[in-house]
Amino acid sequence: MNWRQEVDNRKEALLEDLKGLLQIPSILDESKAAPNMPFGPEVRQALDYMFDLGERDGFKTKDVSGYAGHLEYGDGEEIVGILCHLDVVPAGDGWTYGAFNPTVTNGKIVARGSNDDKGPTMAAYYGLKIVKELGLPLSKRVRLIAGCDEESEWRCVREYFKQEQMPTYGFAPDADFPIINAEKGLYDGVLTQLPIQHAQLTKYHLISFTSGERPNMVPDVATAVLQTDEVLEEQFEAYLEKYEAEGTCEWDKGTYTFTMKGKAAHAMEPDNGINAAYMLAGFLLPLPLDIQGERYIEFVRHVFADSRGISLGIEATDETGDLTINGGVFRYHDEERTATVNIRYPYTAKFEERLQNLREIALSFGFELKTRHHMPPHHVAEDHPLVKTLAEVYERQTGETANLMAIGGGTYARSLEAGVAFGALFPGAEDVAHQVDEYMEIEDLLRAAAIYAEAIYELAK
Ligand SMILES: [Zn+2]
C-alpha cells in the first residue's frame with residue numbers, strides 16, 4: 001500500500017477541509033455557555049464542523065453533550081482511539097494574515113490551531129478516511145475523539161469517558177513524533193509556615209520575602225524587605241560578587257529592600273534556570289533574623305538546595321529521567337508565609353513514601369504541606385503492541401529510528417488508559433504552538449496523514 005500516494009490524491013480536499021476548520025475561532029468562552037455548548041458557541045461550531053465532515057464521508061457520529069464527540073468507523077468489540085482537540089488558545093496580536101484567516105504561503109499553512117491541534121486532527125481524520133475509502137477489513141472500531149477543552153481544564157475528556165467506552169489503546173496527535181510513551185507524575189503542593197510564638201527583639205527583622213508568580217516556573221526575581229539599624233551594603237555586594245549574581249539594595253529609614261535577579265526556566269528542568277528566591281535566601285541565611293523569618297529562610301535553603309530532591313532524600317530516577325523539584329512562588333509577610341513546591345517524578349518512583357518524607361522534613365521546620373494538584377505518572381511499556389506498532393509504522397515511512405521519549409510535562413495522551421502521544425511535530429520542526437503566526441508545514445501535514453492512515457490500519461486490522 002502506498003499510503004503517501006493515497007494522501008497526495010486527496011491533498012486539495014484535505015487542505016480545504018482544514019481551512020474551513022481553521023476559520024472557526026474556537027476559543028473557550030464560558031460566558032456564552034448554553035446547553036450542549038459548555039465551552040461557548042465557537043467551540044460548538046468547530047465540533048459541528050467535524051460532525052458535518054463525518055456525515056459527508058459516511059462515519060457514525062456521536063455528540064457527548066458538546067464536551068467532545070467522536071467519528072467512528074469499523075466493527076468489533078474493541079476500540080482504537082485517536083484523541084484530538086478542536087479548541088484553540090486565544091489569538092494574541094501581530095498576526096501577518098489574521099489568526100483565523102488560514103493562509104498558504106511558502107509551503108506552510110498559517111493560522112491559530114494549524115499546529116495545535118487542528119492540523120494534526122485533520123491529518124488523523126484523513127488517515128481514517130483513507131482506511132475507510134480503501135475498504136480495508138478491520139477487526140476493531142476506530143474512533144476519532146475530538147475534545148473541546150484541552151487548552152483549559154480537560155473537562156471534555158472527563159465527561160467523554162464518563163459516558164463512552166475507554167479504547168483498548170490509542171494515540172494523541174497533539175505533541176511530538178516519534179512517540180512519547182512516558183510522562184512523569186506531577187505534584188503541586190503548598191508549604192505553609194506555622195506561626196511561632198516568640199516575641200524576641202533582634203537586630204534584623206524580616207518584613208517580607210516575595211518571589212515568583214507560577215509554581216511551574218523557576219522565579220527570576222526575588223525581593224526581601226528587612227528592618228535593621230545595621231549596615232549591609234558591603235556584605236550584599238560581596239555576596240553578589242561571590243556568586244556572580246545581579247541584585248540591588250536600597251535603604252530607607254531603617255528598612256532595606258534587597259532585590260536579587262535569577263534566571264527563569266520551566267520547572268521541567270529547573271537547572272536551566274537560577275532560582276532567585278534561593279539565591280536571596282542564601283544572603284539572608286547568616287544574619288540573625290527574628291525566629292519566624294530565620295526558620296523560613298533556613299527552610300527555603302534546605303528544600304531547594306538542589307533540583308533533584310537530594311537534600312530531602314527523595315531523589316529518584318529511571319529511564320524516563322530524574323525526579324525534579326522546583327520552588328516557584330514564595331510569599332512571606334504578615335498574612336501569609338508560604339512556598340510552593342512542584343515535583344515531577346519518574347513512573348517507577350514510589351511517590352507516596354517520598355511525599356511522606358517531605359511532609360516530615362517540612363514539619364521539623366515548622367511547615368505544613370498541602371496538596372493542590374496531583375497527576376500520577378503515565379507510562380505505556382516499550383513492548384506494548386501499541387508502541388511496537390506505531391514505532392514500526394513510523395520507521396517504515398520516515399526511515400528514521402522511532403526513539404521513545406519521556407517528558408516531564410503532561411500530554412493529552414494520558415487521558416487514554418493505554419495511550420501515547422504520536423506526532424504531529426516532526427523532530428527538528430519548530431514548535432510554534434500557542435505563538436503568533438502559528439503554522440504547519442504542508443509537507444509535514446501530508447507525511448503525518450500517511451503515517452496516521454497506516455497506523456490506524458495496523459492497530460485496527
Ligand atoms: Zn494541543
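**Notes on a predicted model: spaces and a zinc site**

1. Start with the lining of the largest cavity: helix H3 (41–56), strand E2 (68–73) and strand E6 (141–147) each give at least two residues to it. The full set of lining residues is Leu47, Met50, Phe51, Gly69, His70, Leu71, Leu144 and Ala146. Sorted by class, that makes six nonpolar, two polar and no charged. The space inside comes to about 30 Å³. How many cavities of 30 Å³ or more does a search of the whole structure find? Just one.

2. Now step back for the overall picture, and keep in mind that this is a predicted model. The protein has 461 residues, and 56% of them are buried. Its secondary structure adds up to 11 helices and 27 strands. If you follow the C-alpha trace along its principal axes, the span is about 85 × 45 × 45 Å.

3. Next, have a look at the largest pocket, which holds about 920 Å³ of space. There are 32 residues lining it, and Glu150, Trp154, Gly410, Thr411 and Tyr412 are the closest to its centre. Try clicking on those five first, then work outwards. By class, the lining splits into 13 nonpolar, nine polar and 10 charged residues.

4. Where does the largest pocket lie with respect to the domains? Domain 1 (3–184 + 378–460) and domain 2 (186–375) both contribute lining residues, so this pocket lies between them. Notice that domain 1 is written as two stretches of the chain.

5. Which elements build the wall of the largest pocket? At least two lining residues each come from helix H5 (155–163), strand E8 (175–176), strand E22 (367–375), strand E24 (404–407) and strand E26 (424–425). The largest share belongs to E22, with three residues.

6. The second largest pocket has about 420 Å³ of space. Its lining is made of Leu186, Asp188, Arg214, Asn216, His266, Met268, Asn342, Arg344, His373, Met375, Gly409 and Gly410. Strand E10 (185–193), strand E21 (337–345) and E22 are the elements that give two or more residues here. The classes come out as three nonpolar, six polar and three charged. It's worth spotting the overlap: Gly410 lines this second pocket, and Gly410 is also among the residues closest to the centre of the largest one. E22 likewise turns up in the linings of both the largest pocket and the second largest.

7. On to the metal. Which residues coordinate the zinc ion? They are His85 through NE2, Asp116 through an OD atom, and Asp174 through two OD entries, at 1.9 to 2.7 Å. Along the chain, the donors follow the spacing H-x30-D-x57-D. His85 sits in strand E3 (residues 79–85) and Asp174 in the loop between strand E7 (169–172) and E8, so this pair ties together parts that are 89 residues apart in sequence.

8. What is the geometry of the zinc site? The angles among the four donor atoms run from 52 to 147°, and the site is irregular. For four tetrahedral donors, the ideal angle would be 109.5 degrees.

9. Last point: are the zinc-binding residues His85 and Asp174 buried or exposed? His85 has 0% relative accessibility, so it counts as buried. Asp174 has 18%, and because the cut-off for buried is under 20%, Asp174 counts as buried too.

Technical notes
Residues are numbered from 1 along each chain as its sequence is written. This is a predicted model: local features need pLDDT of at least 70, side-chain atom pairs count only at pLDDT 80 or more; totals for chains, interfaces and linings use all residues. Side-chain values use heavy atoms; hydrogens and water are left out. On a 1 Å grid over the protein atoms alone, a cavity is a set of points where a 1.4 Å probe fits but cannot get out, and a pocket is an open set with protein on both sides within 12 Å along at least five of seven lines; lining residues have an atom within 4 Å of a point. Grid points are joined across faces, edges and corners, and a volume is the space filled by probe spheres set on the points. Helices (H or I, at least four residues) and strands (E, at least two) are DSSP runs, numbered from the N terminus. Ala, Val, Leu, Ile, Met, Phe, Trp, Tyr, Cys and Pro count as nonpolar, Asp, Glu, Lys and Arg as charged, and the others, Gly among them, as polar. Domain bounds come from an automatic or database domain assignment. Donors are N, O and S atoms within 2.8 Å of the metal (3.2 Å for Na, K and Ca); water is not among the atoms, so sites may look incomplete. Four donors count as tetrahedral if all angles lie between 85 and 135 degrees; four count as square planar and six as octahedral if opposite donors are over 155 degrees apart and all others between 65 and 115; anything else is irregular. Buried means under 20% relative accessible area, exposed over 50%, partly exposed in between (1.4 Å probe, protein chains only).
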